[in-house]
Amino acid sequence: MKDKIFIAWSGSNGEALKVKSILESKFNYVCCIGGNADNSSRYSSVGDTVIQQIKECNQAIVIFQNRADGAVSNNLFFELGYVLAMYGTKKVHCVKRKNEKVVLPSDFDNSFVEPLDDEGGENAFADGIVEYFMGRQKMSINDNKMYLINNRYLMHDKLMAHYSESGSKCSDYELAQYVLFYMQAAHMFGDVKKIQKEIEEFKQKHNFEFSPELSLAVNLCLSFFELLLGIKSGGENSEVYIDKNTYWEFRSDYMHYLKQIVPDDLGIFDEWAEVFIYDHLNFASMLFANNETLPAEMRQKLYGACAEYALRCLDSIAVLEKAAPCKENNDEIGLISLLRAYIYRNLFVAKQQLGEREEAEKWLGLTLKERSSLKNNFGKGTIDTQLYNNFRMEYYLALVDYLSYMQDVDEFEVDMYRSEMVDYLHSVRNDDSENVYLKQIAYWCDKR
């Protein structure tokens, strides 16, 4: 089921009853009106009954109305404080009639109580409350996304709880975002098959209850996992690749998903979804271009497509990073930086293959810079060892490309970098001596 909603009220419970009816019949929420069993304001208390109700819910709607004596019930302020402490401000939705003068204590900031019109029929106020509540469900995730990836069990827990008897821990809109970051975590940790099974089971059980955003996120996730599981290895010195059917099915699905994105001023699911779609289309085009059985002309077209999707992705990232939630959570330090590093690297390869040396050098320099930032920002135990080791390895791979491709690199710098890479290889080789990427770094060091 969706969240359980505690509805706190003052004066009359009539609007609370209307809101409960709409949310349960139209939107599949479960609501609990604060007070005793028959919801009579004459008997409402702040004792065990209300506290137990609050503990069983996940969000609250607080309806500020005056009693007959022109004051707000003191009980409402107790309940407000309790739900704020239990759920946090994102999950508490305070409303009042625009034309009703509700007197609040001097310590309260009136800005957190939303004034709503009550003109247009007897249900106008209740309809306005529901509309406001549903709009507030489109919240952005207030955590750094690399933190979530590093602690992927948090997203697993939200997925497992969403339709459970205990009630969800987030809205459908928020879960749609968590699914996107869970997808990224699966890719980075190599947990694709395990998390694919989780997402498939989740979809099989609850597909008909999904919001449009949650449906899109789940389908994106499953299509991306199919792409990853379709990757083939061409041998020790060859790039990994995909075949024609894998690419065509993936591209067809993703072009369909791109049309399903609905621009939204309230949350930033749409911005994240667009970034992931263009990033994955870029990645898939590069994988297919690596297929050496294709004619040279086709591979050149694919490198061109790879560059096109990469530039679109960078445009989408530029929009995303301007959004307040990304600024507040420093996402440019974590996931956005990582996505940029991927895109810059693929742009380097594409431009190199297309014979555009100046452009290739530009993107190579940028990916090395981004990889260096990731390595430096997430050292000293700030992130899972597996992820940090990957950041280090990818930095040195980019460094090998840089030193091999760039012209007029100072020989002293080359020697110092080689010494640094030799030390790095000594520190990790015992743990992963068969890693093909480490062998590439070692081959460059030996050749120098």
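Select D191 to begin. Leaving aside neighbours within four places in sequence, D191 is in contact with R152 and A186. You will find D191 in the loop between α7 (172-189) and α8 (192-206). Is D191 buried or exposed? Its relative accessibility is 17%, and because buried means under 20%, D191 counts as buried. Keep in mind as you look around that this is a predicted model.

**Zoom out to the whole chain**

Before going further, show the full chain as a cartoon. Its secondary structure comes to 18 helices and five strands. The C-alpha trace spans about 90 × 45 × 35 Å along its principal axes. Switch on a surface and you are looking at about 21,600 Å² of accessible area, 47% of which belongs to carbon and sulfur atoms. The chain has 448 residues, and 52% of them count as buried. If you like contact maps, take the contacts with a separation of 6 or more: 71% of these come from residues 24 or more positions apart.

**From D191 into α7**

Go back to D191 and select α7, one of the two helices that flank its loop. Now add helix α11, residues 269-289. For a pair like this there are two things to read off: two packed helices are described by the angle between their axes and the distance between the axes. Here the angle is about 25 degrees and the axes are 10 Å apart. Angles under 35 degrees count as roughly parallel, and α7 and α11 are therefore roughly parallel to each other. Their crossing is left-handed.

Show side chains next. On the α7 side, pick Y173, A176, Q177, L180, F181, M183 and Q184; on the α11 side, pick F269, D270, W272, A273, F276 and H280. Colour them by class and you get nine nonpolar, three polar and one charged.

**The other side of the loop: α8 with α6**

Hide α7 and α11, then select α8 together with helix α6, residues 153-161. The axes of α6 and α8 come within 11 Å and cross at roughly 20 degrees. That makes α6 roughly parallel to α8. This crossing is left-handed. The residues to display are H156, L159 and M160 in α6, which meet E198, I199 and F202 in α8. By class, that contact has four nonpolar residues, one polar and one charged.

**Across to α1 and α4**

Now move towards the start of the chain and select helix α1 (residues 14-27) with helix α4 (residues 124-136). How do their axes cross, and how far apart do they come? They come within 9 Å and cross at roughly 55 degrees, and α1 and α4 are therefore oblique to each other. The crossing of α1 and α4 is right-handed.

For the contact itself, display E15, K18, V19, I22, L23 and F27 of α1, and F125, A126, D127, I129, V130, F133 and M134 of α4. These divide into ten nonpolar residues, three charged and no polar ones.

Stay in α1 and centre on E15. E15 is buried, with a relative accessible area of 9%. Setting aside residues up to four places away in sequence, E15 touches I63, Q65, R97, F125 and A126.

A16 is also in helix α1. At 0% relative accessibility, A16 counts as buried. With residues up to four places away left out, the partners to select are I7, W9, I33 and I63. Then try a distance label from A16 to V62: the two are 46 residues apart in sequence, and their C-alpha atoms are 9.1 Å apart in space.

**Two backbone stops**

Finish with some phi angles. Most residues other than glycine have a negative phi. Which phi does N330 have? Although N330 is not a glycine, its phi is positive, about 55 degrees. N330 sits in the loop between α13 (324-328) and α14 (335-353). With a relative accessible area of 37%, N330 is partly exposed.

Your last selection is D408, in the loop between α16 (385-405) and α17 (411-428). Phi of D408 is also positive, near 60 degrees, in a residue other than glycine. At 80% relative accessibility, D408 counts as exposed.

Methods:
Residues numbered from 1 in each chain as written. Predicted model: local features only at pLDDT ≥ 70, side-chain atom pairs only at ≥ 80, totals over all residues. Heavy atoms only, no water. Axes fitted to C-alpha atoms, helices over the stretch in contact; angles between N-to-C directions. Helix = DSSP H or I, 4+ residues; strand = E, 2+ residues; numbered from the N terminus. Parallel < 35°, antiparallel > 145°, perpendicular 65-115°, else oblique. Left-handed = near helix turned anticlockwise from the far one by under 90°. Contact = heavy atoms within 4.5 Å. Nonpolar A, V, L, I, M, F, W, Y, C, P; charged D, E, K, R; others polar. Buried < 20%, exposed > 50% of the residue type's maximum accessible area, 1.4 Å probe, protein only. Areas by Shrake-Rupley, 256 points an atom, 1.4 Å probe, with all protein chains shown as cover.
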